[in-house]
Amino acid sequence: MNLHSCTIVLNNELTMTCDNVEQTLGIIDQHGATNIHRILIDAYDGQSIRNYHELSIEESIESLMSL
C-alpha cells in the first residue's frame with residue numbers, strides 16, 4: 001500500500017494534509033502526539049483508496065511507518 005493522503009487534525013482544530021509519509025511524520029514530530037486530535041490516513045492499495053480514520057494516534061503512526 002502507498003499513502004494517498006494523510007490529514008492531521010490538531011487539538012486547536014488546525015488541519016494539515018500531506019501526501020507523503022516523511023512529511024506527515026515530520027508534522028507529527030513537530031507538534032507532538034499529545035497535541036494531535038486525529039490522524040486520517042487514506043492509502044492506495046493498487047486498485048482503490050482505503051480509509052483508516054478510526055485508529056488511535058499510536059496506531060496511525062505505526063501504520064504510516066509501515067507504508
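Colleague: In the hairpin of β1 and β2, which residue takes a positive phi, and how many residues stand between the strands?

Modeller: In this model, which is a predicted one, Glu13 takes a positive phi near 75°, and the hairpin has four residues between its strands.

Colleague: What makes β1 and β2 count as a pair of strands?

Modeller: Two strands pair if at least two bridges are found between them, and strand β1, residues 2-10, is joined to β2 over four bridges in the antiparallel sense, so the condition for pairing is met. Within this part of the model, Val9 stands opposite Thr15 of β2.

Colleague: Which side chains of β2 point to the face where they are buried, and which point to the other?

Modeller: Along β2, residues 15-18, the side chains alternate, with Met16 and Cys18 pointing to one face, where they are buried, and Thr15 and Thr17 pointing to the other, where they are not.

Colleague: Turning to Ser60, which lies in helix α2, why is this residue called buried?

Modeller: The relative accessible area of Ser60 is 0%, and buried means under 20%, so Ser60 is classed as buried. Leaving aside neighbours within four places in sequence, Ser60 is in contact with Ile39, Ile41 and Leu55.

Colleague: And how do you know whether Ala33, in the loop between α1 and β3, is buried, exposed or partly exposed?

Modeller: Ala33 has a relative accessible area of 35%, and since buried requires a value under 20% and exposed a value over 50%, Ala33 falls in between and is therefore partly exposed. Not counting residues up to four places away in sequence, Ala33 touches Ile28 and Ile57, and its C-alpha atom is separated by 9.2 Å from that of Leu10, which is 23 residues apart from Ala33 along the chain.

Colleague: Why is α1 called roughly antiparallel to α2?

Modeller: The two helices, α1 and α2, pack at an angle of about 150°, with their axes 10 Å apart. Angles over 145 degrees count as roughly antiparallel, which makes α1 roughly antiparallel to α2. The crossing in which α1 passes α2 is left-handed.

Colleague: Which residues make the contact of α1 with α2, and how do they divide into nonpolar, polar and charged?

Modeller: From α1 the contact is made by Val21, Thr24, Leu25 and Ile28, and from α2 by Ile61, Leu64 and Met65. These residues divide into six nonpolar, one polar and no charged, and since threonine is not named among the nonpolar or charged kinds, the polar one is Thr24.

Key:
Residues numbered from 1 in each chain as written. Predicted model: local features only at pLDDT ≥ 70, side-chain atom pairs only at ≥ 80, totals over all residues. Heavy atoms only, no water. Buried < 20%, exposed > 50% of the residue type's maximum accessible area, 1.4 Å probe, protein only. Contact = heavy atoms within 4.5 Å. Axes fitted to C-alpha atoms, helices over the stretch in contact; angles between N-to-C directions. Parallel < 35°, antiparallel > 145°, perpendicular 65-115°, else oblique. Left-handed = near helix turned anticlockwise from the far one by under 90°.
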